[in-house]
Amino acid sequence: MSHLAEPIQIRNITFKNRIIKGAMSEALANPAGQPNQLLFGLYEAWAKGGLGCAITGNVMVDLRAKNEPGVVGIESDRDLAALTHWANIGKQHGMVQLIQLSHPGRQCPKGLNKETVAPSAVPFSPMLATTFGTPRELQEQEILDIIQRFATAAKICEQAGFEGVQLHGAHGYLISQFLSPLTNQRQDQWGGSIENRMRFLLEIYQAVRAVTSDQFIISVKLNSADFQRGGITEDEVISVFKAIDAAGIDLIEISGGTYEAPAMAGAKADKRKVSSIAREAYFLDFADMIRKQVKCHLMVTGGFRTVKGMNDALDSGACDFIGIARPLAVETDLTDRLIAGQDVRYAVKPIKTGIPFVDKMAIMEIIWYAAQFKAIGQGKPANPKLSPLKVFFGYAKGNVKAMIQGRINSRKQA
């Protein structure tokens with residue numbers, strides 16, 4: 001029997017197979033950050049396609065800090081009924097759902113929020129500085145508030161019926177910003193040594209565990225590297241993995257990169273060794289190494305395209321789950337097909353508009369797929385031939401509207 005079809009249990013939750021949909025930005029919520037029928041339709045399509053588990057896209061713990069328009073936010077039980085409906089969609093089809101809780105920190109487009117905050121006031125590289133402004137350094141009381149926001153959101157997720165949450169500690173978001181010496185230049189207990197820089201992540205984990213039940217799954221997405229000179233070192237990464245494992249984390253998803261070095265979009269794939277390319281997944285070699293260091297379950301996402309590659313990865317013991325993201329945006333029934341022995345049908349290729357500065361930011365790797373999600377949520381088929389240029393101009397128009405509305409709201413609150 002294919003390893004992909006084997007069930008596995010975390011705490012008392014059974015995953016019916018080893019395939020997990022990795023988080024992708026859906027951008028389908030209304031301006032108030034509330035889940036809606038588009039999201040419900042999208043996740044029902046994946047559930048009907050046989051997924052063992054779906055990890056949602058970014059769900060903000062603070063609606064004052066959105067990474068883009070259309071993100072869901074959980075700050076209170078305001079939307080408990082809608083969240084409960086969402087959770088029940090998975091239960092009806094035997095699909096575990098983990099809500100990815102996130103705070104973007106500095107990674108917010110200019111004008112979208114009243115301000116952006118981060119561990120330190122570190123500007124972006126010149127290429128991205130026109131899009132992302134220099135953040136304000138967080139005060140300690142604000143750090144403590146954000147920690148409690150993660151806990152509040154997780155508690156509500158459990159009340160709604162979700163099986164667990166994933167803490168987004170990768171891709172240059174706030175937890176990742178605390179971990180990296182490039183973006184965390186603090187001199188207090190939250191910065192300096194790796195022990196101090198990982199304090200934010202560990203405090204969030206402990207706060208979430210304190211307000212949820214023993215059967216609630218807590219996972220985390222972590223970078224194997226940020227692929228930036230002067231960034232977090234491999235030894236420091238290993239120490240973070242070991243520390244969160246010792247704290248009791250249930251599952252670690254291994255990823256890599258930031259907006260400034262987007263390995264998560266496959267941008268670093270061409271620099272891999274031939275032996276690594278043959279194994280398909282971008283971060284499988286790191287998983288091999290870290291498997292010897294931690295006891296928790298591991299998930300590798302990025303690059304898997306064949307049933308053989310996925311089964312070989314599971315058979316090697318390097319990971320317990322196969323994460324698949326972009327292929328599921330155009331093949332909602334992919335899980336059933338993989339378990340039946342059929343490979344990914346549509347090869348994932350870089351999404352290019354032909355506009356150099358846009359294509360360098362890898363933003364199309366997010367918004368093109370979000371356009372597919374909207375169609376699926378409306379009950380329409382995905383379109384693998386959708387024009388990236390058309391998607392970009394639609395996104396730019398929507399961003400301008402959101403920024404104007406954000407400024408209007410800020411003036412009203414002033």
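Gln-177 is buried in this predicted model. Its relative accessibility is 1%. Buried means under 20% relative accessible area, so Gln-177 qualifies. The residue sits in helix 5, which covers residues 174–179.

What does the side chain of Gln-177 lie 2.7 Å from? A polar atom of that side chain is 2.7 Å from the backbone oxygen of Gly-172. Gly-172 also appears among the residues that Gln-177 touches, once residues up to four places away in sequence are set aside. That list includes Pro-104, Gly-105, Arg-106 and Gln-107. Val-117, Ala-118 and Pro-119 belong to it too. Thr-183 and Asn-184 complete the set.

Now turn to Val-391. This residue is in helix 16, residues 388–413. Is Val-391 buried or exposed? Val-391 has a relative accessible area of 11%, so it counts as buried. Which residues does Val-391 contact, leaving aside neighbours within four places in sequence? They are Met-364, Ile-367, Trp-368, Ala-371 and Leu-386. Ala-370 offers a distance to check on the model: its C-alpha atom is 9.3 Å from that of Val-391. Along the chain, the two residues are 21 residues apart.

Ala-81 gives the opposite case. It is exposed, because its relative accessible area is 64%, and the cut-off for exposed is over 50%. Find Ala-81 in helix 2, which runs over residues 80–92. Then look for Ala-160. The pair is 79 residues apart in sequence. In space, their C-alpha atoms are 7.5 Å apart.

Next, step up from single residues to whole helices. Two packed helices are described by the angle between their axes and the distance between the axes. Take helix 8, residues 234–247, and helix 10, residues 284–291. They pack at an angle of about 60 degrees. Their axes are 11 Å apart. The two helices are therefore oblique to each other. The crossing of helix 8 past helix 10 is right-handed.

Which residues make this contact? Helix 8 supplies Glu-234, Val-237, Ile-238 and Phe-241. Helix 10 supplies Phe-286, Met-289 and Ile-290. Sorted by class, the contact has six nonpolar residues and one charged residue. It has no polar residues. Which one is charged? Glu-234 is the charged residue, because Glu falls in the charged class.

Conventions
Residues are numbered from 1 along each chain as its sequence is written. This is a predicted model: local features need pLDDT of at least 70, side-chain atom pairs count only at pLDDT 80 or more; totals for chains, interfaces and linings use all residues. Side-chain values use heavy atoms; hydrogens and water are left out. Axes are lines fitted to C-alpha atoms, for helices over the stretch in contact, and angles run from 0 to 180 degrees between N-to-C directions. Helices (H or I, at least four residues) and strands (E, at least two) are DSSP runs, numbered from the N terminus. Angles under 35 degrees count as roughly parallel, over 145 as roughly antiparallel, 65 to 115 as roughly perpendicular and the rest as oblique. A crossing is left-handed if the near helix is turned anticlockwise from the far one by less than a right angle, and right-handed if clockwise. Contact means heavy atoms within 4.5 Å. Buried means under 20% relative accessible area, exposed over 50%, partly exposed in between (1.4 Å probe, protein chains only). A polar contact is a pair of N or O atoms within 3.5 Å; within protein, one must be able to donate a hydrogen and the other to accept it, and residues adjacent in sequence count only if both atoms are side-chain atoms.
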